[in-house]
Amino acid sequence: MKKFAIVAGAASLLLALAACQSKTPTPAASGKSASLRAMETVTIAAYKCWFAAKDPAFKAYRMANELNSFSGTPRFLLVPAKNYGGKPLLVVQATGNSSRVDVFGPLMGEPLGARIGTDIGRWAAGNNDCGGAA
């Protein structure tokens with residue numbers, strides 16, 4: 001009975017402490033690296049402008065989101081629409097505590113590559129506008 005009272009008291013204390021915690025973390029206190037913050041911005045814009053807008057240039061591709069990377073390299077991939085597990089055709093990533101976004105893969109050598117580079121550069125700079133092409 002004494003153990004139960006100790007456990008119950010400890011649980012009550014933990015609940016009281018949890019109730020005192022702030023529910024909305026500030027960006028600095030969120031624990032997000034610069035690379036994750038940059039990739040969140042770029043990924044949201046890419047999804048909005050390329051896929052949600054049903055841009056015909058991206059109809060043949062699907063986005064594979066890998067922002068929850070424990071390697072310190074949040075990224076997203078473009079893969080063939082009909083082969084989601086296929087070889088990535090585009091990799092967009094940031095590494096460590098850098099907000100620099102890198103873009104590479106076979107699509108960058110295609111005519112669509114120039115547009116991809118322009119879009120990613122604009123979004124990485126903080127402008128989430130879709131541009132005129134979407």
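Which backbone oxygen does the side chain of Thr43 reach? Keep that question in mind while you get your bearings; we'll come to it at the second stop. One thing to know before you start clicking: this is a predicted model.

**Stop 1: the whole chain**

Colour the protein chain by secondary structure. You should find three helices and four strands. Follow the ribbon from the N terminus and the elements come in the order α-α-β-β-β-β-α. Switch to a surface view if you like: the chain has 134 residues, and 31% of them count as buried.

**Stop 2: helix α2, around Thr43 and Met39**

Now select residues 34-52, which make up α2, and show side chains. Pick out Thr43, which sits in this helix. Its side chain reaches the backbone oxygen of Met39, at 2.7 Å, and that settles the opening question. Thr43 has 6% relative accessibility, so it counts as buried.

Move to Met39, which is in helix α2 as well. Is Met39 buried or exposed? It counts as buried, because its relative accessibility is 0%. Next, draw a distance from the C-alpha atom of Met39 to that of Val92: you'll get 8.2 Å, for two residues that are 53 apart along the chain.

**Stop 3: Lys32 and Glu40**

Stay in this part of the sequence and select Lys32 and Glu40. Their side chains meet in a salt bridge, 3.2 Å from N to O. Both ends have some surface showing: Lys32 counts as partly exposed because its relative accessibility is 35%, and Glu40 is likewise partly exposed, at 25%.

While you're here, select Ser33 and Pro74. Their C-alpha atoms are separated by 9.7 Å, with the two positions 41 residues apart along the chain. Pro74 is in the loop between β1 and β2, the latter being residues 75-80. With a relative accessible area of 4%, Pro74 is buried.

**Stop 4: the loop from α2 to β1**

Go back to the end of α2 and select the loop that leads into β1 (61-66). Begin with Lys54, which is found in this loop. Check its backbone: phi is near 55 degrees, a positive value in a residue other than glycine. Lys54 is exposed, as its relative accessible area is 69%.

Slide along to Lys59, in the loop between α2 and β1 too. At 65% relative accessibility, Lys59 counts as exposed. Then take Ala60, another residue of this loop. Ala60 counts as partly exposed because its relative accessibility is 48%. Its C-alpha atom is 7.8 Å from that of Lys82, 22 residues away along the chain.

Which residues gather in a patch of positive charge on the surface? Select Lys54, Lys59, Arg62 and Lys82 together and you have it. If you colour the surface by charge, this is the place to look at.

**Stop 5: Asp102 and Arg100**

How many salt bridges does the count come to? Six, and you've already visited one of them, between Lys32 and Glu40. For another, select Asp102 and Arg100, whose side chains meet at 2.9 Å, N to O. Compare the two partners on the surface: Asp102 is partly exposed, with a relative accessible area of 21%, while Arg100 is exposed, at 55%.

**Stop 6: helix α3 and its charged network**

Last stop: select helix α3, residues 112-124. Show Arg115 and Asp119, which form a salt bridge with their closest N and O atoms 3.2 Å apart. The two are four residues apart in the helix, so about one helical turn separates them.

Are these charged partners buried or exposed? Asp119 counts as buried, since its relative accessibility is 4%. Arg115 is buried as well, with a relative accessible area of 17%. Add Asp55 and Arg122 to your selection: salt bridges that share partners join Asp55, Arg115, Asp119 and Arg122 into one network. With those four still highlighted, you can end the tour here.

Terms used. Residues numbered from 1 in each chain as written. Predicted model: local features only at pLDDT ≥ 70, side-chain atom pairs only at ≥ 80, totals over all residues. Heavy atoms only, no water. Patch = residues over 30% accessible without salt bridge, like charges linked within 9 Å, V, L, I, M, F, W, Y side chains within 5 Å. Areas by Shrake-Rupley, 256 points an atom, 1.4 Å probe, with all protein chains shown as cover. Salt bridge = Lys/Arg side-chain N within 4 Å of Asp/Glu carboxyl O. Lys, Arg positive; Asp, Glu negative; His and termini not counted. Charge placed at Lys NZ, Arg CZ, Asp CG, Glu CD. Buried < 20%, exposed > 50% of the residue type's maximum accessible area, 1.4 Å probe, protein only. Polar contact = N/O pair within 3.5 Å; in protein donor to acceptor, adjacent residues only side chain to side chain.
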